[in-house]
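Colleague: I would like a close look at a single part of this model, with its surroundings and then the chain as a whole. Please go through it residue by residue and keep it plain.

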Amino acid sequence: MIYPIIAYGDSVLRKRAQDIEKGSIDVKKLSEDMFETMYNASGIGLAAPQIGKSIRMFVVDGTALNEDEPEEDKDPSLDGFKKVFVNPQVLEEDGEEWGFEEGCLSIPQIRGEVFRPEIVKIQYFDTDWNEHVEEYDGMAARIIQHEYDHLEGKLFTDYLPPLKRQLIKKKLSDITKGNVKADYRMKFPK
């Protein structure tokens, strides 16, 4: 099932999401729907709040970022990087902060350079409720940090310098009002 993507301005994107109690929902089915929704929107990550569910879960698939790259430019962190994170908890962020232009399915047509630490250590459950503690670096770490922020009620625009935020204010307001084109279905704040 493909969900509409919740647009910037909806309060669900600003709430800290709640832990999922084991057995309370079918995380396997929800993850399949989230992957389908993400692929339909040509995304590489999708957090539950972006489909209107204030729960701690996100899906990622960064493998597409390597597809058209020459061998020497491929990011090894993205090999087989398709995962579901249930009740994730970032344990540690480390390394040099590096900038990269990020975007977000909930904020179409806006991008901005965000600086994030190069390494993230995260504890989470998979869809079989097996617990994992893993460390990621490079682009995989960035994708995780971006999606994890959604569970904390943070958006990539929060990291932009004040001048850049001022420059995109009208575009953000337009998104809230539904005045934006996206190649996927969106749900706008009432």
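**The loop after helix 1 and its surroundings**

Modeller: Ala 41 sits in the loop that joins helix 1 (27–40) to strand 2 (45–47). Bear in mind that this is a predicted model. Ala 41 has a relative accessibility of 8% and therefore counts as buried, the cut-off being under 20%. Apart from residues up to four places away in sequence, Ala 41 touches Leu 105 and Tyr 184. Another pairing involves Met 186: this residue is 145 residues from Ala 41 along the chain, yet the two C-alpha atoms are separated by 9.9 Å.

Ile 44 belongs to the loop between helix 1 and strand 2 as well. With a relative accessible area of 28%, Ile 44 is partly exposed, because that class covers values between 20% and 50%. Neighbours within four places in sequence aside, the contacts of Ile 44 are Met 38, Val 59, Val 60, Asp 61, Gly 62, Leu 65 and Ile 143. Lys 22 is 22 residues from Ile 44 along the chain, and their C-alpha atoms are separated by 26 Å.

Past strand 2, the loop leading to strand 3 (57–61) holds Gln 50. Gln 50 is buried, its relative accessible area being 1%. Not counting residues up to four places away in sequence, Gln 50 touches Pro 4, Ile 5, Ile 6, Leu 13, Gly 45, Cys 104, Leu 105, Ser 106, Glu 147 and His 150. Leu 105 is thus a contact of Gln 50 and also of Ala 41.

The contact with Glu 147 leads to an annotated position. UniProt, in an unreviewed entry, lists Glu 147 under "active site"; such annotations may be inferred rather than shown by experiment. In the model, Glu 147 is part of helix 3 (residues 138–151). Its relative accessible area is 5%, so Glu 147 is buried. Outside its neighbours within four places in sequence, Glu 147 is in contact with Gly 45, Leu 46, Ala 47, Gln 50, Phe 58, Val 59 and Val 60. Val 59 and Val 60 also appear among the contacts of Ile 44.

Two residues elsewhere deserve a remark on backbone geometry. Most residues other than glycine have a negative phi. Gln 109, in strand 5 (residues 107–125), has a positive phi, near 70°. Trp 129, in the loop between strand 5 and strand 6 (131–137), has a positive phi too, near 65°. Gln 109 is exposed at 58% relative accessible area, whereas Trp 129 counts as buried at 16%.

As for the chain as a whole, four helices and seven strands are present, in the order β-α-β-β-α-β-β-β-α-α-β from the N terminus. The radius of gyration is 16 Å, which agrees with the value near 16 Å for a compact globule of 190 residues. The C-alpha trace spans about 40 × 40 × 30 Å along its principal axes. Of the 190 residues, 46% are buried. Among contacts between residues at least 6 apart in sequence, 69% join residues at least 24 apart. The exposed area is about 9,900 Å², with carbon and sulfur atoms supplying 47% of it. The chain carries 26 positive and 37 negative charges, whose mean positions are 11 Å apart.

Note on methods: Residues are numbered from 1 along each chain as its sequence is written. This is a predicted model: local features need pLDDT of at least 70, side-chain atom pairs count only at pLDDT 80 or more; totals for chains, interfaces and linings use all residues. Side-chain values use heavy atoms; hydrogens and water are left out. Helices (H or I, at least four residues) and strands (E, at least two) are DSSP runs, numbered from the N terminus. The radius of gyration is taken over C-alpha atoms; the globule rule is 2.2 Å times the number of residues to the power 0.38. Buried means under 20% relative accessible area, exposed over 50%, partly exposed in between (1.4 Å probe, protein chains only). Contact means heavy atoms within 4.5 Å. Accessible areas come from the Shrake-Rupley method with a 1.4 Å probe; for residues, only the protein chains shown count as cover. Lys and Arg count as positive and Asp and Glu as negative; His and the chain ends are not counted. The place of a charge is taken as NZ of Lys, CZ of Arg, CG of Asp or CD of Glu.
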